[in-house]
Amino acid sequence: MSLYKNLIGGEWIEGADINRNMNPSDLSDMVGEYARADAKQALQAIAAARAAFPAWSRGNIQARADMLEAIGNEILARKDELGNLLAREEGKTLPEGIGEAARAGQIFKFFAGEVLRPEGEKLPSVRPGVDVEITREPVGVIGIITPWNFPIAIPAWKIAPALAYGNCVVFKPADLVPGSAWALADIIARAGLPEGVFNLVMGRGSLVGEAILGSRDVDAITFTGSVETGRTIAAKAVERLARVQMEMGGKNPLVVLDDADLDTAVNCAVQGAFYSTGQRCTASSRLIVTEGIHDRFVGAMEAALKALTVDDARKSGTQIGPVVDQSQLDQDLSYVDIGVKEGAKLACGGERLNRATEGFYMAPALLTETSNDMRVNREEIFGPVATVIRVKDYDAALATANDTVFGLSAGICTTSLKYSSDFKRNSEAGMTMVNLPTAGVDYHVPFGGRKGSSYGPREQGRYAREFYTIVKTSYTLPV
Ligand code: NAD
């Protein structure tokens, strides 16, 4: 089996160690062997990015736009193959994997357009005769650290704007999913970027990630992952005054009011909480349901969950793939136990499943009769587990929805304009959804949360430039 290597300064280089990438749907299937860089190699990648920055940041923007367009086009042309690889290494279903690959392609094409739309302002000064110009400049070398659950879309939504606005990149993907990251890097490497502009350093957070955090040659760090890692990253970045942006966990509420359309509510809850095996930062993990619809909603949810097909991610008809690995599966199963011990009722699911191949399969679990102070409602589980919290009315639903340290996405199912408008205004989340799942967003508009879910400027769409550019104010007295 050939070794997939790291890209450092334009060359594919072997690592200090080898990462054997396994298929969570079939533990006898090895996806590939991937090089793991060490801290020294990470520093070489950073040095290469730093050396490439002056020419790249001042280079021809038409050429830069063409390269991003070519990357986007190739991803889109190969979305089935890339989606298959993604499903094989991460466990998303094949349609979800293909959809994610397509999104990565669309993101590169969006930012290819952004390259040609640099904006500035020219204003009169308060001092007569002086001109004031406000321009945006690239930041420098960007360290990109990504999680395992969106192995191609999250790297794309960080790499594409970084390059588009004239920065150089050192990209460290999650150790669990090097395959999609490598495939993306291979496409980027063939688009004609000068050497060192884009570097791939697969490896462990404790080595490669720490090297990126510690290097003064990395001007900015963009991170998506858990709150726990985020805290370490923020502390280290702030200590050396590096620019930092972080997207982290969620405990996203979906409110279902008495006047909701039941089918819509069940559909939103099933999709939002359980698709992608519940392994989404935007997953609807807390279902907050008013009394009048509670029993009908729970009955319909149980029926819908029992009818879901849990199987090999790439098998036709599979709706829920496996959990990503053994430790995540252990965590999911243990939270079901914790919930029951705290007094919740396990309405359905919550057990490990056997399929034709050995994998990390779990029956989607619904915990009912929960209260918002239970651990299963306070802590991010990150698996196919959702809770139901019964509340008296809309006011109690809103208060419960906001009673969390997180604030990424929040949804409401209702046919009332009054309640949906009030929810959009008063929900303490970065994204709100009406009659839609809390997960599932567009790629051309900002993405991000509040409170413990996010730190720093928004990602995606035109708002991405807040992080990937620095504002300069220039004064001129023409003499
Ligand atoms: P994680 O925090 O364990 O790891 C994320 C990345 O950080 C990985 O690449 C990892 O190697 C790296 N890392 C770990 N320790 C490090 C260190 N000391 N220094 C530098 N880098 C280090 O997260 P995960 O398990 O890969 O992903 C799941 C988490 O990501 C969940 O909490 C989920 O909610 C969150 N997530 C958030 C969003 C969002 O946009 N808000 C999107 C997807 C996932």
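Start with the ligand. The space it takes is the largest pocket in this predicted model.

Next, select the shell around the ligand. It holds 26 residues. Thr146, Ser226, Thr229, Met248 and Glu380 are the closest. Color the shell by class: 13 residues are nonpolar, nine are polar and four are charged.

Now color by domain. Domain 1 covers 3-248 + 453-476, and domain 2 covers 253-434. Each of the two gives at least three residues to the shell around the ligand.

Zoom in on the polar contacts. Select Thr146 and show its backbone. An N or O atom there lies 2.7 Å from an oxygen atom of the ligand. Move to Trp148 and show the side chain. One of its polar atoms sits 2.9 Å from a ligand oxygen atom. Then pick Glu210. An N or O atom of the Glu210 side chain is 2.8 Å from a nitrogen atom of the ligand.

How much of the ligand does the protein bury? Taken alone, the ligand exposes 860 Å², and 86% of that is buried by the protein.

Last, turn on the secondary structure. Select helix H7 (205-214) and strand E11 (220-224). These are the elements that give two or more residues to the shell around the ligand. Stay on H7: its four residues are the largest share of that shell.

Conventions. Residues numbered from 1 in each chain as written. Predicted model: local features only at pLDDT ≥ 70, side-chain atom pairs only at ≥ 80, totals over all residues. Heavy atoms only, no water. Near = heavy atom within 4 Å. Polar contact = N/O pair within 3.5 Å; in protein donor to acceptor, adjacent residues only side chain to side chain. Areas by Shrake-Rupley, 256 points an atom, 1.4 Å probe, with all protein chains shown as cover. 1 Å grid on protein atoms, 1.4 Å probe; cavity = no way out; pocket = protein on both sides within 12 Å on 5 of 7 lines; lining within 4 Å. Sits in = over half its atoms within 2 Å of the grid points. Nonpolar A, V, L, I, M, F, W, Y, C, P; charged D, E, K, R; others polar. Domains from an automatic or database assignment.
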